[in-house]
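User: Please take a close look at one buried side of this model. Start from a single residue, follow its contacts, and then set that part against the rest of the chain.

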Amino acid sequence: MQTNGIYASSTPSAIAAKNNPLPAKVPVPASSHASHAVETYTPSVIDEGQQGLRALGGQWIVGREFTSVQGTDYSKNFLDDVSGFLVKSAYERDLLLQRYAGDELNQQLEQYDKQVQLKLEDIAQTTASTLSQYLNFENDSIFGGSKETQGEFLSAYKPLFDKNELTDRIKNMLQEQSRILDKLQEEQGDQWKQVMEQGGKEITDFRDLLKEEASKASGGESTSFQDISYRDVAAVFDALVHTTAKAMNTSTFDTEWMANNLGTARLKLELYLQQSPMSSAIKEQLTQSVDKAMSTKMGIAEYEDYKSSLVSTPSFRKQFASHQEMTLEIKRMYSDHLQDPNAKKSVGTIMWESMKELLNQKPEHLLSGLMDSFNRLHHSLISSPSMEGDVGPKAKLEFANQVRDANLEDWNSFISSLNMGQQQKSALTMPKNSIDIKV
């Protein structure tokens, strides 16, 4: 087994994004300094919206980059971010109403409303695109970056949903949420007045009110992605962000390490869905799609490992007149290998199968099995050759310990974020000394 680790890691990096909470703003009358005021206030909610909606990967308006989906922390979720953006944009729009008058007000409102509308359209497009990346197999990371392999797969795959139709559906949902916000501003006039006077926590409280009302309005069980509710869109998005997206984007030459990453992510998804309000039909479709994506990613990794072991042998390469001829033979051999009941399983396949068996285990058995998998990976990283050659046992141990510590912290942070009792969390929390460091 080869390890990439600190010697050849290919895990995507995430762009850091920090929230810059709006300070409480005291309204001031329109004056000759109004143009300075719009520079101070108009861009802030747009900029903060880009940072606060950290779960959405890709490009936003005016060309700013947003943190990638795998970089999302566990303190944020889609409903909070979208509802927060709508409330903050309404808050700043009302500030403009207080600062301007006449034609200048109309100009400022027209410009500001266009920016907000662009943002909402971008949210819908990026959300639908991101979901399609992981559920409609548009993410080429699943296929090891091979467009050819991806194309072969997609030619025989029926998408779970139409991305453009989902984009339009999310747009309509966001517009409906904006209408709910308008209604709340009228019905909760006193509370909105506090928002305008104090900002800060009052904005957060109104955000929570909007989120609650929007969830009620989109209640009812979704039967498929074709009729999915806004609540379920948010729930699916949050589930991917919190559990599987990072593992699906991670590439490694080590199939055992990949199996560990994917297996851990699948366990996270199982636990996450147990406490999610997602409709049962959507849960089922989501897990089926994720299972297929993970098995596909793992199978391609195993094939590439099998292929690499053959191609690295000069005597094998000399048998073929062309690369295409050799590739076809390798595919035939690998197909025979998979169908041979007596063929020896790779360490990656063994790890993958053992981690999938943990899905239906009780918490104590799940945790025990996960610790065993982390231990096996830890020892494997210590004992296997690195891609940089003989770096020495000390370097290997340091790297294996880094992986161990990162796995422990990531798992325990995830468990801490779940909406379950403390006793359940304790049963699933991994002790820091649970993985040994023997060479």
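Analyst: **A residue and its setting**

Asparagine 412 is found in helix H16, which covers residues 393-417. The model is a predicted one. With a relative accessible area of 17%, asparagine 412 counts as buried, because the cut-off for buried is under 20%. Once neighbours within four places in sequence are set aside, asparagine 412 has Thr429 and Met430 as contacts.

Met430 leads on to another residue, since leucine 370 also has Met430 in its list of contacts. Leucine 370 belongs to helix H15, residues 363-383. Its relative accessibility is 0%, so leucine 370 is classed as buried. Besides Met430, and again without neighbours within four places in sequence, leucine 370 is in contact with Thr264, Leu267, Met355, Leu358 and Trp411. One of these, leucine 358, is twelve residues from leucine 370 in sequence, with 7.9 Å between the two C-alpha atoms.

A further pair can be set beside that one. Glutamate 284 and leucine 273 are separated by eleven residues in sequence, and their C-alpha atoms are 9.9 Å apart. Glutamate 284 is part of helix H11, which runs over residues 280-311. Its relative accessible area is 47%, so glutamate 284 is partly exposed; the range for that class lies between the 20% and 50% limits.

Helix H11 also takes part in the lining of an internal space. Rolling a probe the size of a water molecule over the atoms shows where empty space is left. In this model the count is one cavity of 30 Å³ or more. The largest cavity holds about 30 Å³ of space. Its lining is made of Tyr134, Thr244, Met248, Val290 and Ala293. By type, four of the lining residues are nonpolar, one is polar and none is charged. Helix H11 supplies at least two of the lining residues, as does helix H9, residues 230-249.

Helix H9 has two features of its own. Of its 20 residues, 19 are buried, which leaves H9 mostly covered. H9 also bends, by about 55 degrees, at threonine 243.

One backbone value elsewhere is worth a remark. Most residues other than glycine have a negative phi. Phenylalanine 137 has a positive phi near 60 degrees, although this residue is not glycine. Phenylalanine 137 sits in the loop that joins helix H4 (102-135) and helix H5 (147-154). With a relative accessibility of 0%, phenylalanine 137 is classed as buried, so this loop position falls under the 20% cut-off.

The whole chain gives the background to these positions. The protein has 439 residues, and 49% of them count as buried. Its secondary structure amounts to 17 helices and two strands. If contacts between residues at least 6 apart in sequence are considered, 75% of them join residues at least 24 apart. The exposed area of the protein is about 21,400 Å², with 49% of it from carbon and sulfur atoms.

To return to the starting point: asparagine 412 is buried, its listed contacts are Thr429 and Met430, and Met430 is among the contacts of leucine 370 as well.

Conventions:
Residues numbered from 1 in each chain as written. Predicted model: local features only at pLDDT ≥ 70, side-chain atom pairs only at ≥ 80, totals over all residues. Heavy atoms only, no water. 1 Å grid on protein atoms, 1.4 Å probe; cavity = no way out; pocket = protein on both sides within 12 Å on 5 of 7 lines; lining within 4 Å. Points joined across faces, edges and corners; volume = space filled by probe spheres on them. Helix = DSSP H or I, 4+ residues; strand = E, 2+ residues; numbered from the N terminus. Nonpolar A, V, L, I, M, F, W, Y, C, P; charged D, E, K, R; others polar. Buried < 20%, exposed > 50% of the residue type's maximum accessible area, 1.4 Å probe, protein only. Contact = heavy atoms within 4.5 Å. Areas by Shrake-Rupley, 256 points an atom, 1.4 Å probe, with all protein chains shown as cover. Bend = angle between axes of the 7 residues up to and from the residue.
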